[in-house]
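Grab your viewer and work through these exercises with the structure open. Each one sets a task and then walks through a solution.

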Amino acid sequence: MDQLVLFVTLGFAVGAVYAVIASSLVAVHAATGVLNFAQGSIALWGVWVAAELGATGTLILPIGSVQIADGPAPTTVAVAIGVASSALVALLTHLLVMRPLRSAPALSQVVASVGVMLLIVSLVPLRFDTTGAVAAPILPSGTIEVLGAQVAVADLIVLGLALTVAVLLAAYFRFTRWGTATRASAEDETALRLTGWSPDRLAALVWFTTGAATGLVAVVGSPSIGLDPISYTFYVLPGLAAALIARLRSVLVAAAAGLAIGVFQSLLMMMSTYDFWPVWAQAGFGETVPFLIVMVALFVFGRSIPERGGVQTLRMPPVRPPRTRPVYALVVVAATVAAILLTEGSWRFGVVTSIIMMLIALSLVVLTGYLGQISLAAMAFAGTGGFVLSRVTTEYGVPFPLSLVLPALAATVLGVIVGIPALRIRGAHLAVVTLAGALAIQTFVFGNPAFTPYEGNLIEDPTLFGLDLGVRSGTVLTTTSFALMVLVVVGTLTWATARLMRGRTGRSFLAIRSNERAAASVGIDVAGTKLLGFAFSAFLAGIGGCLIGYSRGQLSVESFTVFVGLTLLCTVYVAGITSLAGAVVAGLLAPLGVLATFLEGTLGVGHLYSLIAAIALVVTAVLNPVGITGSVRQASEHLIHRRTTRAQL
Amino acid sequence: MPSSEHDRGGAALLEIRDLTVRYGGVVANDGVNLAIDRGEVVGLIGPNGAGKTSLVDAVTGFTAADGEVVLDGRRLDRLPPHRRRRAGLARTWQAGELFADLTVADNVAVAVQRRGWAGLVADVLGRSARTAPDPSLEMLGLLDDADRRPDELSLGRQRLVGVARALAGGSSVVLLDEPAAGLDTDESEAFGDVVRTMATSGRGVLLIDHDMNLVLNVCDRVYVLDFGRVIACGTPTEIRADAAVVAAYLGEEPVA
Ligand SMILES: Nc1ncnc2c1ncn2[C@@H]1O[C@H](COP(=O)(O)OP(=O)(O)OP(=O)(O)O)[C@@H](O)[C@H]1O
Ligand SMILES: [Mg+2]
């Protein structure tokens, strides 16, 4: 009994952070209709600012720093400034990024807020000394006895703070005129403007306040949760899960659900200390919980076909189905062959990685660009491919082309599972589920020691008819035969995908993307086609993951983290998510691709890659919602149009 | 044709029996019985909010409803919308609802093509999906617009694309929800002829429209809906003479 109580209360600190994030998400959604993926990162920044102040008295800003005190700053000052920085980050996110995108498609909003999330996460390790930092205690360190267990007073205080925040937010929305007006503005902005309230200012107020509240609970809870350059960012997921359980309506339900998830994870931890608990379930199980919860909750609440009057179209950048022009294809292939033959060492490795990433980018063009399903899980599918590749080559000795197909099929199965929620969930909500799914796969499969052999996930080199297609040979980092093999595989799949997109499949994808109800009314099986899209997309990503695995000789989990996945989606979005050309450009820009090689090898700023990518992403998302290839096309169509009109005169 | 046509039992092509639709407290359809025969054009009229669109939604599976929908002897009321369409029951939408990213030709072609895995295999290995335009495009005079996108067309013509999409692929019954809205008088008259042509091949047609001239001139029989109930049913001549209809609906409107 006392152990049960102990573990329940151990979940309070994290649960409180989930709770405050969840209630903030509901509040921000009520005010602006945005799901803010960066809410966890907002907490992360405040936590680190406060920790640094508490340790050295230095106030770190995104650029530059100020020495506030000689030696550690007083606790109250550190906390206050930490909270203020969270609030400011939230306010700036609203003013600079989300407000300009107020009426943009759901995809742009998701991408932009993911961009802010990535920006902060890549900034933290650059600005703070994240090795060995410890958060100084903030709250009294005593314990009190509850039902026979020693419970830290600090955890109870953090819990109390989070609940107070939730109650205050709920009261604000329910009882104050501002709150009521804020809710009204999410529904009808013009009506609100007529009443004289400024929706912008009310929204800014909500962003600022929730930023401060999230910062406060996280900063005060950080000594007991621990300092970490990433984890707070991902607390947004349980937060989102809780917010979705509350159907984005009730701040109080969201907070309670967030707390419950925290406690539940802590209880899972307790279970895993028991003998009967299976070894494979010891790692990553807690992270899969939010995924399962979101999936079930959304599935229960969702509708398979949107009702009349319900939100049903996800506005997306326009699509012009690819024309198969053999000339262009030949030029691109020739250029790629030249790039392979004329480079060596890390550059050729960059070229090969770009070709592979292009395939994974293509999987997103199919799924998100054509079918309209926002997925943040592409890299997780790729990783699954690589993971299975390591098994089938080392343990079962499956020979080369088959060794690509089997893992890709495994990824396909996983793709369908993650895709099931899409049958009833749309837009930004689906992005949440896929992100949760990706994190679950990452921690439960890739990060699970029970699934990884002692010597790592080795992969045997491919051979075909006695021909060695291995990536390394002696001192050669990337052999020509390997590079050409990658080109053949990716080229074939791209060709097949282009045919699909031009054909019946692409047509029904686009029909579903533009109007699910109408698609069902012309006889398209919307559910089946969506699953087909997820399956096909995961297959492509799975092959890509195998190729990445082959190019490394062993599966490096770092190639497939959720961050790489997020960065990739954003890169594809920036490059143009509705076209083949967009996938090609995304391949060049992708992590470890040609651009990354250039930054690393030529400019020596490789460690800034993710920061540069995040900034580019946010800027593009705000200024240029159709992506690079989209605007090039618009410009060229404009030119052609001008020329033809002139010719007619 | 006798006005009691709808209760003569199993012979009609489409039979709607005792259909009830509720939205929370609102009863949008209340025990509606309606039948459409082969080659018959049936009109459905009623004031705004009478429940016409709800009826179409319920019959095609887009709204939960109680009651039976029987097409050619086969119960459809438990099937999802796409299966009903594949069984031959097609509809148009009051608000158009075309596929904005597809050309007019593709809007129609997507309704008849091979689907799912079969379509996927055919795409990769088989012939191109660009086939001759569907005959329904010609029937509705849309051939010239085949390569345009819906938003380049007038609202009236967009409706016609919706009709073409419903006709494509051998649908045996089409439910047309205000297809002539946005057409001018001449176009509307021409459209009336097209509706008659649709039915000549044995297809059943349900025509919902607020244009009384169109409905009463084109239809074989007309149902009148008010507050979700059928208040009258009969030939155009009978409907013109029906006191209840005049009171409920036609009222002040002059009838040709
Ligand atoms: N999704 C819905 N939820 C709640 N009520 C609805 C819904 N759809 C329709 N209704 C209500 O059901 C009733 C019937 O509406 P319906 O649209 O079927 O009428 P209609 O005859 O098609 O009208 P109109 O001529 O204006 O198209 C109306 O009172 C309407 O407000
Ligand atoms: Mg209607």
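**Exercise 1. Find how much area is buried between chain B and chain A, and which residues of chain B lose the most.**

Step 1. Keep in mind that this is a predicted model. Putting chain B and chain A together buries about 3200 Å².

Step 2. Split that area by atom kind: carbon and sulfur atoms supply 53% of it.

Step 3. Now look at chain B's side. The residues that lose the most area to chain A are Phe99(B), Asp101(B) and Asp123(B), and together they make up 19% of what that side buries.

Step 4. Count who takes part: chain B brings 37 residues to the contact and chain A brings 31.

**Exercise 2. Work out how many salt bridges and polar contacts link chain B and chain A.**

Step 1. Apply a cut-off of 4 Å between a side-chain nitrogen of Lys or Arg and a carboxyl oxygen of Asp or Glu. Across this interface, that gives three salt bridges. Over all chains, the search turns up 16.

Step 2. Check one of the pairs across the interface: Arg507(A) and Asp106(B) join through their side chains, at 3.0 Å from N to O.

Step 3. Try another: Glu97(B) pairs with Arg517(A), with 2.7 Å between the closest N and O atoms. Here Glu97(B) sits in the loop between strand S6 (89-91) and H3 of chain B, while Arg517(A) belongs to helix H21 (residues 516-521) of chain A.

Step 4. For polar contacts between the two chains, you should land on six residue pairs, both residues at pLDDT 80 or more.

**Exercise 3. Say which elements of chain B build its side of the contact, and sort the residues by class.**

Step 1. List the elements that give two or more residues: helix H1 (52-60), helix H2 (81-86), helix H3 (104-109) and helix H4 (116-125) of chain B.

Step 2. Pick the top contributor. That's H4(B), with seven residues.

Step 3. Sort by class, and the side of chain B that touches chain A comes out as 15 nonpolar, eight polar and 14 charged residues.

**Exercise 4. Describe where ligand 1 lies and what surrounds it.**

Step 1. Locate ligand 1: you'll see it between chains A and B.

Step 2. Collect its shell, which holds 15 residues, the closest being Gly49(B), Lys52(B), Thr53(B), Ser54(B) and Gln94(B). H1(B) provides the largest share, three residues. By class, the shell has four nonpolar, seven polar and four charged residues.

Step 3. Check polar distances to oxygen atoms of ligand 1. The side chain of Lys52(B) puts an N or O atom 2.7 Å from one, and a polar side-chain atom of Thr53(B) is also at 2.7 Å. For Ala50(B), a polar backbone atom comes in at 3.2 Å.

Step 4. Finish with burial: ligand 1 exposes 630 Å² when taken alone, and the protein buries 71% of that.

Conventions
Residues numbered from 1 in each chain as written. Chains lettered and ligands numbered in written order. Predicted model: local features only at pLDDT ≥ 70, side-chain atom pairs only at ≥ 80, totals over all residues. Heavy atoms only, no water. Contact = heavy atoms within 4.5 Å. Buried area = accessible area lost by both parts, 1.4 Å probe. Polar contact = N/O pair within 3.5 Å; in protein donor to acceptor, adjacent residues only side chain to side chain. Helix = DSSP H or I, 4+ residues; strand = E, 2+ residues; numbered from the N terminus. Nonpolar A, V, L, I, M, F, W, Y, C, P; charged D, E, K, R; others polar. Near = heavy atom within 4 Å. Areas by Shrake-Rupley, 256 points an atom, 1.4 Å probe, with all protein chains shown as cover.
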